[in-house]
2 protein chains.
Amino acid sequence: MAITISDIAKEANVSLATVSRVLNNSGYVKEDTKKKVLKIIKKLNYTPSAIAQSLSKNETSTIGVIVPDITNPFFGQIIKGISQVADENNLNIILCNSDENLDKELKSIKTLRAQRIRGLIISPTSVDNSENSESLKTLNSLGIPVVLVDGHLKYPNFNGVFVDNIKGSFDGVNALIKEGHEKIGILTGRMNSKPAKDRLLGYKKALSLNNIPFNSDYVLYGDYSQESGYHLTKRLLRQKDKPTALFISNNMMTLGCLKALFEDNYKVPDDISLLSFDKIDILNILGIPISHINGPSTKLGKIGMQLLIDALKNKKTLEFKNITLTPQLVLYGSEKRLS
Amino acid sequence: MAITISDIAKEANVSLATVSRVLNNSGYVKEDTKKKVLKIIKKLNYTPSAIAQSLSKNETSTIGVIVPDITNPFFGQIIKGISQVADENNLNIILCNSDENLDKELKSIKTLRAQRIRGLIISPTSVDNSENSESLKTLNSLGIPVVLVDGHLKYPNFNGVFVDNIKGSFDGVNALIKEGHEKIGILTGRMNSKPAKDRLLGYKKALSLNNIPFNSDYVLYGDYSQESGYHLTKRLLRQKDKPTALFISNNMMTLGCLKALFEDNYKVPDDISLLSFDKIDILNILGIPISHINGPSTKLGKIGMQLLIDALKNKKTLEFKNITLTPQLVLYGSEKRLS
DNA sequence: GTGAAAGCGCTAACAT
DNA sequence: ATGTTAGCGCTTTCAC
């Protein structure tokens, strides 16, 4: 990679400035010289150093992306959306995997800062931590636009793209009620998570709007893991007064729930109806379609990146910008009331 | 981010050089001045610019990673492995998603080159393309170490980490034979893919070593998609002389196969035995454990990154280095012979 | 032990 | 229309 702009200049018998001009299509340069320079650039297979450009312009073309679990397809989708829009805008992304670990998250932010990223998109770890102040402080001290994707309680006042969890589960539970269900159980997540809280809220809202009394026996608190989905379901099946339908707050718990149901030879929706938050592609493939509320992950990424780009442009208006996406209700029949 | 090394120098009443020395722990610097400088660095919340450092040292600390589908958990795992090792070595990764698109792949390589990455880890698109020469040429002209992960025919002579597909499917089919199966069907991928080819090879090898005649009726050619798994299985079930066991060359096809089996009320392994290449976590969760050959994806990433780091160190010895991982046979019972 | 100064590859005034 | 030159923020000789 030894070859630099001055090599080109020499070879073409022009000054650095001229080469720089054709490189950036800036200023005046005679058509002929331009051609000559371009030819030599191609001949020498020259690519300008983004590093040097960044230093000179005092501005990089990279943005940072931090996700808690690169292994989870949900985040894969988000990243896909992000990098699509980034590509279109000639931005490249430095990716960090925080691994649901606060320290790593913090370290990543610091590294990214050293790299002089222009902006940051972060989907924070769901780890609950009251000493999050450090993370928050660092984020604030960055002095660059930060966009949250699928946010978290611990970052209250940030721009971001979010999912309307209340509306989502409201719609879902409503669909169950429309089917004639009145005894509707819910498997929910940790109550220090905003999404989980909101999903429970939507559930309650749907009940109350339909004048169905809230029964706390039907609310089972889990932690979004498939294990908890499994155990909660098992417990529910042992209850005397079983619900006829189950609303499950996330995809992992749905898997656990299904496992439990299968083990006990429950058929869906024959013996019990199901509706879940977040889609699980695999279930369709296997021919076990489960009705669900679908949060558009790729879109989350795309819009998040767009938000960031907007912020990058109007440096003045770093005003609060907040987009909430409404998830879609997708019905496959598992919500039907047969029991 | 206005604050620079000279701000620190001024504030501390020392020269740039001294600050640089404490920053890099290089050269001599009195303990006292060191402390003083460090204090001011902290006070001013200063982080040196990696950009400027890179330019000055003529060497970045970033490596490029290109994957064909960030959405696929398999690659998520690989990236996880890569970034783990990268972290430990203070390298950061610029991620590109080629989206199984040759043009994007090429464009990514060029961007990465402009960023002066120190090395590249690439899991090439599986797109078959005889004009791949461009991609290959660019890769060669990079002048930096390139590591292939889970390679492809089109890049014959590159360092990389691969999976021993022959051994893997040999072991798998062997396990079926040990169970007493003699009529073993195989769902395979496209024959221009090296992994697919090798998996078929392993199948044949296992048969021949056990003196079981090869029956071409039992070989069904698909394309690694779940749809093809579904259709091939359907076709197989209509055959007169059905196999008692099925060896399936990848996870997606296995899903399709299961769908077909479920639809026709086949039980595994009661009615037909199954063994698959690549694991599918979801199936275990659902309580449908399928015996499989498990290619260690995170390990692929880790070792790939390690390979790259090695290459980075011994710049002299850019000799051909090639690591092949042997996948593990994991038996859950779906391979048992009951029919 | 510490400082001065050149240079990394490029851009952007400022000249001409 | 093109060249000269001063930085961008840092590292690294070379002096002292």
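Q: Before we look at the two protein chains, what are the copies superposed on?

A: Copies are superposed by least squares on the C-alpha atoms of residues with pLDDT of at least 70 in both. That confidence score matters here, as this is a predicted model.

Q: Thanks! How are two copies of a chain related in general?

A: One copy is carried onto the other by a rotation about an axis and a shift along it. In this structure, chain A can be laid on chain B by a turn of 180 degrees and a shift of 0.1 Å along the axis, with an RMSD of 0.2 Å. This is how a two-fold axis relates its copies. To find the axis in your viewer, go to I94(A): its C-alpha is the one in chain A nearest the axis, 2.2 Å from it.

Q: Which surface serves the two copies?

A: The same surface serves both, as 100% of the contact residues of chain A recur in chain B. Between the chains, 43 residues of chain A are in contact with 43 residues of chain B. On the chain A side, α4, α5 (73–88), β2 (92–97), α6 (102–114), α11 and α12 (281–285) each supply at least two residues. By class, that side has 19 nonpolar, 18 polar and six charged residues.

Q: Let me try a single residue. Is S54(B) buried or exposed?

A: Here a count helps: a residue is buried if 20 or more other C-beta atoms lie within 10 Å of its own. S54(B) has 23 such neighbours, so S54(B) counts as buried. You will find S54(B) in helix α4 (residues 50–57) of chain B.

Q: What is S54(B) in contact with, beyond its neighbours within four places in sequence?

A: The partners are I51(A), E59(B) and T60(B), so be sure to show both chains when you look. There is also a pair to try with your distance tool: the C-alpha atoms of S54(B) and R116(B) are separated by 9.2 Å, although these residues are 62 apart along the chain.

Q: Now the DNA. Which residues are closest to DNA strand C?

A: Of the 28 residues that surround DNA strand C, the closest are T4(A), I5(A), S20(A), A52(A) and A17(B). Elements giving two or more residues to this surface are α2 (16–24) and α4 (50–57) of chain A, together with α2 (16–24) and α4 of chain B. The surface has 13 nonpolar, 13 polar and two charged residues.

Q: And which come nearest to DNA strand D?

A: Around DNA strand D there are 28 residues, and A17(A), K30(A), T4(B), I5(B) and S20(B) come nearest. At least two residues each are supplied by α2 and α4 of chain A and by α2 and α4 of chain B. By class, the residues divide into 13 nonpolar, 13 polar and two charged.

Q: Last topic, the sheet. How do strands pair, and what is the strand order in chain A?

A: Strands of a sheet pair through backbone hydrogen bonds, either parallel or antiparallel. Chain A has an open sheet of six strands in the order β7-β6-β8-β9-β10-β12, with mixed pairing. At the edges stand β7 (219–221) and β12 (328–330) of chain A, each with a single partner strand, so one side of each has no neighbour in the sheet. From one strand to the next, the twist averages 20 degrees.

Q: Which strands could I use to see a parallel pair?

A: Try β8 (residues 245–248) and β9 (residues 273–277) of chain A, which run parallel and are joined by four bridges. One to pick out is L246(A), whose bridge partner in β9(A) is L274(A). Helix α9 (residues 194–209) of chain A packs on the sheet, touching β6 (184–188), β8 and β9 of chain A.

Definitions and conventions
Residues numbered from 1 in each chain as written. Chains lettered and ligands numbered in written order. Predicted model: local features only at pLDDT ≥ 70, side-chain atom pairs only at ≥ 80, totals over all residues. Buried ≥ 20, exposed ≤ 12 C-beta atoms within 10 Å, placed from the backbone. Contact = placed C-beta atoms within 7 Å. Near = placed C-beta within 6 Å. Nonpolar A, V, L, I, M, F, W, Y, C, P; charged D, E, K, R; others polar. Pairing = 2+ DSSP bridges. Axes fitted to C-alpha atoms, helices over the stretch in contact; angles between N-to-C directions.
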